[in-house]
Amino acid sequence: MESGGAAAGGLGGGRFPFPYTPYLIQERFMAALYGALEAGRVGIFESPTGTGKSLSLICGALSWLRDFEEKKQREEARLLAPAESGQEGKKPLTPAGPGPPGSRDTAGEPDWVTAFVQKKEERDMVDRLKEEQIRRKKREDRLEKIRHNVQLKYAAKRKRSEEDETKHLLQLSKEVLSEGAGVDVLEQLDHNEEELILAEYESDEEKKVVSGLEEDDDDLEEEHVTKIYYCSRTHSQLSQFVREVQKSPFGKDTRLVSLGSRQNLCVNEEVRRLGALSLINDRCMEMQKNKHEKKSHEESEGKKRCAGRTVCPFYSYEQMQFLRDEVLVEVKDIEQLVALGRETKACPYYGSRYAIPAAQLVVLPYQMLLHEPTRSAAGIKLKDQVVIIDEAHNLIDTITCIHSAEVSGSQLCCAHSQLLQYMERYRKRLKAKNLMYIKQILYLLERFVAMLGGNVNQNPSCQAVSQTGTVLKSINDFLFQSQIDNINLFKVQRYCEKSLISRKLFGFVERYGGPATAVKTNKENQKLGGLQNFLLTLQQGSDKEAGAPQIPPMEAENDQLRTASPLMQIEGFLSALTNANQDGRVILSRQGTVGQSSLKFLLLNPAVHFAKVVEECRAVIIAGGTMQPVADFREQLLSCAGVDPARVVEFSCGHVIPPENILPIILCSGPSNQQLEFTYQTRDLPQMMDETGRILCNLCNVVPGGVVCFFPSYEYEKQVYAHWEKTGLLTRLATKKKIFQEPKKANQVEQVLVEYAKCIKRCSQAGGQMTGALLLSVVGGKMSEGINFSDDLGRCVIMVGMPYPNIKSPELQEKMTWLDKTMPRAAGQAPSRVLIENLCMKAVNQSIGRAIRHQKDFASILLLDHRYARPAIFNKLPQWIRERTQVKPAFGSAFAELRKFHRGKADAL
């Protein structure tokens, strides 16, 4: 089925509700999207930034969902009509196969048996449809009531404040009572310390009954309606998308729910203060566990043990149901959801999850959708649903990243030290099962450190590594060589998850492991002292030197907290090991000291984890502003995930800007006829750096406003800057443009951008010799993604050389070897070579796409390297840029074109 045709047929000539008259390319985009969803395809959709991609996605996908629901309801009505008039099954559901009446079918059953079975199937289906209708009606009535009845809201609010008052009074009376009574204390542990002791642990095999939610409510079993899961990379991108939905024609009657991490949604201040995501998760789980335990223990013996255990006041089922309905009634973004949670004293994290089954559009971050354990924990069911992944240019890396994990030697030693002291402190209070698992974890930590060439009982910062370097091992080799192949890692990992041991350990360290304090142990445990206590205080120092492992930016801000709980990081590594198959590797990186060394799990085949998404979903759309080169997605992701090539559909639309508003040039040589080729061998030559400087000097004379110049790496940018400083070229440049450099630290980016923008504005108003600013940036840095250089902020974007990835990196080498083994050669090129080129061009396309952000914007783009003109490379540029690109062998004619372009634009303004 042709995608465009399907859409037109389904929507009376392809008309889509839209807040304004859509551009032609938006209409085409929506028609192709509608067709892909209708035909159950896997679509790769490219629509350059500035072309209204979000609105096209919203209006195209929700138009399809509206039509799909209407069609489904018509079909239901048709099937239920004969049932209600008492003539069940007039129309058979399955058309009878060819063959004369009275014949037997293939299984050799007589007709009346077949008819009976069919009749029963029809009856069952009718019953199911009736149930579904009742449920739907119930839900619609409930939401309608809330929409129109303000009384309900006040009643719920009043009930809440009454409950709060009662709780407060109860608490006061309990305190009065407890003051009068003597408290029986076992081993003089106070309430807070009781919380640190691990509860008795039963593994799954021993549990006969798994307790579910205590509220036996049929709403929990609510069936998932057909919905669209929309995911993007960051919470700000998701909030922006929700705001677009609110503005769209579908904003009023779409049931939308925004999902996020506890870090974004938690409203319990005590838990929020923990800062790091893993700590917040564990504390939340523990509070829920306490709530369930409290219920079961309260009547029996548990009063003594449970008194000190805190439960979360926001985890109230009734309030969360109220929140769920509020969420479904009106479209809300994450901020509005959190505000509502605070107001209604209900947990937005769980309340939003309760809303998933009835929602039509679920908005969520990548991690929640692409990571299976997170997905199932959130109650997301993908069967026959639609998934749209936006900003997907980095999808392959994202999946790899989500499923990779790294731990440093200092974290391993620190966790070992903390756990050992925890075990000694509470040995008498821990059950045998707990002790057994703790000993297994201690053994694993000991072996991991040994693999890095160290001893777990010595200071990791003082142990030098004899053989430095990086070694890659398959999972089996790693388990075998570290002598842990006899331990059931699945059970250990499950134990960590269920017992919340890392949370208990964090509480223990928080209590006893202040920067300079030793653990306050009982007399019999004091022999532990000395070295172990010293190890406990290593948390701050060694981890920072270690060039701490790469962790998601969310958690990076919280170095201190993360290092305080190294076991959490190690659990991530164990989890990666247990989820791995033959496509995983462990990288042993042995640097200077054991503390600086690390173990990293690397996923080579991201398709393994994407396969399930593609199999279960009705349709999957991978969308982005720059998806070129598309071959990566087709080969590495989709064909490896077993997607039939016929199911894949590609759509790429041009830009909304007129052709004369963009001037892309590939420049092969500079002003002094020096050929431009920035290879690792030639780019450090003084004449290459001089030539780059001369090109920039010339450009800054004719380009108004802002010029953004991208270098392949921070190191090279630094080197060139120092060279220009030495030769005096920087001073010459600075007479025309004020020079800014991209900072390495993320928290300084905003400041640099503000100053850069201010300078450009000042210059355009003052009109002196200084015409604007020059920003020296780095490909793959903070400025090459997600930041818009619209209008005067980016009138010219320059790319110095080709940003090939570091081919010497062991991870990349392993990936290349793996690709060459598993992938066919494409057009005579080895897959590894294609990978390197694609990674380079993806980075280029991301960077140069920053300049044109809306229909009236204009900019010139300069690619400095003759290799861009090679057909294989040239064809990987986005189509809308490629169509307008000129290849200039000499600088003279290129400069003339640029001057004409910018003068023409200045006159037009």
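Okay, this is a quick walk through the packing inside this predicted model. Local features need pLDDT of at least 70, side-chain atom pairs count only at pLDDT 80 or more, and totals for chains, interfaces and linings use all residues. Residues are numbered from 1 along each chain as its sequence is written, and side-chain values use heavy atoms, with hydrogens and water left out.

So, cores. By nonpolar core I mean buried Ala, Val, Leu, Ile, Met, Phe, Trp, Tyr and Cys residues joined through side-chain atoms within 4.5 Å; buried is under 20% relative accessible area with a 1.4 Å probe, protein chains only. The largest one has 73 residues, and Leu395 and Phe610 are among those with the most contacts inside it. Helix H12, residues 317-329, gives the most to this core, with six residues; helices here are DSSP runs of H or I, at least four residues, numbered from the N terminus. Apart from that lies another core, of 54 residues, including Leu419 and Phe508.

Now, helix H18, residues 409-426. 17 of its 18 residues are buried, so H18 is largely enclosed by the rest of the structure.

Which ring in helix H22 does Tyr422 of H18 pair with? Phe508. They sit edge-to-face, 5.5 Å centre to centre with 85° between the planes; the cut-offs are centres within 6.5 Å for a pair and planes over 60 degrees apart for edge-to-face. Both Tyr422 and Phe508 are buried. Tyr426 pairs with Phe508 too: the centres are 5.9 Å apart and the planes at 70°, so that one is also edge-to-face. Tyr426 is in H18 and Phe508 in H22, so this pair ties together parts 82 residues apart in sequence.

How values were computed: Buried < 20%, exposed > 50% of the residue type's maximum accessible area, 1.4 Å probe, protein only. Helix = DSSP H or I, 4+ residues; strand = E, 2+ residues; numbered from the N terminus. Phe/Tyr/Trp six-rings, centres within 6.5 Å; stacked < 30°, edge-to-face > 60°.
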